[in-house]
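Q: I would like to learn how to read the features of this model. Please show me the structure, then take me through it.

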Amino acid sequence: DLCEWKGKIYLGGSWRTKSGETAQDDPNWYGGYARLFESADDGKTWKEVFETKENGRVLSMTPWRDKLWINSRGFDLMSWDGKAWTQVPIKIKNSSVNPALGAGPLIVMGDRLCIVNAPLVYLFDGKEWESVTPGYVTCAKVGDTLYGVRDDGQVCSTTDGKKWAKVTTEAIPREEFDRKAPLGRPIKRGSIAIHRGRLVVGTGATGLVYMSALHEKGTA
């Protein structure tokens with residue numbers, strides 16, 4: 001993931017600290033480790049500002065409330081003030097289950113941080129967490145509207161992360177969002193975008209792209 005914050009570029013992902021020939025003493029080498037780097041000179045030089053000792057990667061990041069926030073390994077929500085990191089506990093109100101973020105991207109919706117995951121949508125106001133069902137396998141923000149694709153193939157939209165409305169009348173076949181990684185298919189389950197006023201959904205199972213019908217200007 002790439003992000004700009006306070007005049008610096010941040011690059012996050014998964015890195016292996018050694019080459020294959022020198023990794024014999026590191027049984028976790030192959031899985032890589034979560035890393036985050038920053039550059040203050042337009043990418044000419046980089047400095048590491050975050051790393052983990054566990055396998056995983058920095059999955060998503062976003063500026064929010066004068067800090068940089070990252071989804072680390074799908075388990076930890078971390079905030080960076082430019083000097084130090086703070087881990088933010090994820091605790092849903094009136095629930096005994098502490099959920100994982102999964103591959104959920106971090107999205108700012110109004111005054112809340114919204115994290116979209118396949119089972120649930122998580123909302124964080126800076127103090128308390130709440131969850132919304134159903135979740136979405138993928139999402140994309142266009143202006144102030146967030147679009148999400150459910151695992152049943154329907155597309156919904158929201159402007160606050162809490163109230164979602166279905167925008168499709170015909171669902172994409174739900175098998176398009178089955179997990180096919182063991183069969184050599186992409187791990188990512190799908191993608192979504194708005195292109196020239198048309199809804200476009202890419203699928204992970206077969207790699208097909210679905211596009212809404214084109215309505216000429218002045219027609220309904």
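Q: Is Ser79 buried or exposed?
A: Ser79 counts as buried, at 3% relative accessibility. Buried means under 20% relative accessible area, exposed means over 50%, and partly exposed lies in between (1.4 Å probe, protein chains only). A word on the source: this is a predicted model, where local features need pLDDT of at least 70, side-chain atom pairs count only at pLDDT 80 or more, and totals for chains, interfaces and linings use all residues. Residues are numbered from 1 along each chain as its sequence is written, and side-chain values use heavy atoms, with hydrogens and water left out.

Q: Which residues is Ser79 in contact with, leaving aside neighbours within four places in sequence?
A: Contact means heavy atoms within 4.5 Å. On that basis Ser79 touches Lys67, Leu68, Trp69, Ala84, Trp85, Thr86 and Val88.

Q: Where does Ser79 sit?
A: Ser79 belongs to strand β7. Strands (E, at least two residues) and helices (H or I, at least four) are DSSP runs, numbered from the N terminus. In a regular strand the side chains alternate between the two faces of the sheet.

Q: How do I read strand pairing, and what joins β7 to β8?
A: Two strands pair if DSSP finds at least two bridges between them. Strand β7 (residues 76-80) and β8 run antiparallel, joined by four bridges. Leu77 has Val88 in β8 as its bridge partner.

Q: In what order do the strands of this open sheet come?
A: The order is β5-β6-β7-β8, four strands with antiparallel pairing. At the edges are β5 (58-64) and β8 (85-88), each pairing on one side only. Neighbouring strands are turned by 25° against each other on average, direction ignored. For such angles, axes are lines fitted to C-alpha atoms (for helices, over the stretch in contact), and angles run from 0 to 180 degrees between N-to-C directions.

Q: Which residues in the loops of this sheet have a positive phi without being glycine?
A: Most residues other than glycine have a negative phi, and most peptide bonds are trans. Asp66 has a phi near 65°. This residue lies in the loop between β5 and β6 (67-72). Asp66 is exposed, with a relative accessible area of 55%. Arg73 has a positive phi of about 65°, and sits in the loop between β6 and β7.

Q: What is the order of the open sheet that includes β9?
A: Four strands run in the order β9-β10-β11-β12, with antiparallel pairing. β9 (106-109) and β12 (129-132) are at the edges with a single partner strand each, so one side of each lacks a neighbour in the sheet. The twist averages 30° from one strand to the next. Four bridges pair β9 with strand β10 (residues 112-116). Leu106 stands opposite Ile115 in β10.

Q: Where is the cis peptide bond?
A: The cis bond joins Thr133 and Pro134, with omega about 0°. Pro134 is in the loop between β12 and β13.

Q: How do β13 and β14 pair?
A: Strand β13 (residues 138-142) and β14 run antiparallel, joined by five bridges. Val142 has Thr145 in β14 as its bridge partner. Their hairpin has two residues between the strands, and Gly143 takes a positive phi near 65° there.

Q: How many residues of β14 are buried, and how does this strand pair with β15?
A: Four of the five residues of β14 (residues 145-149) are buried. β14 pairs with strand β15 (residues 155-158) in the antiparallel sense, over four bridges. Tyr147 stands opposite Ser157 in β15. This hairpin has five residues between the strands, with Gly153 at a positive phi near 90°.
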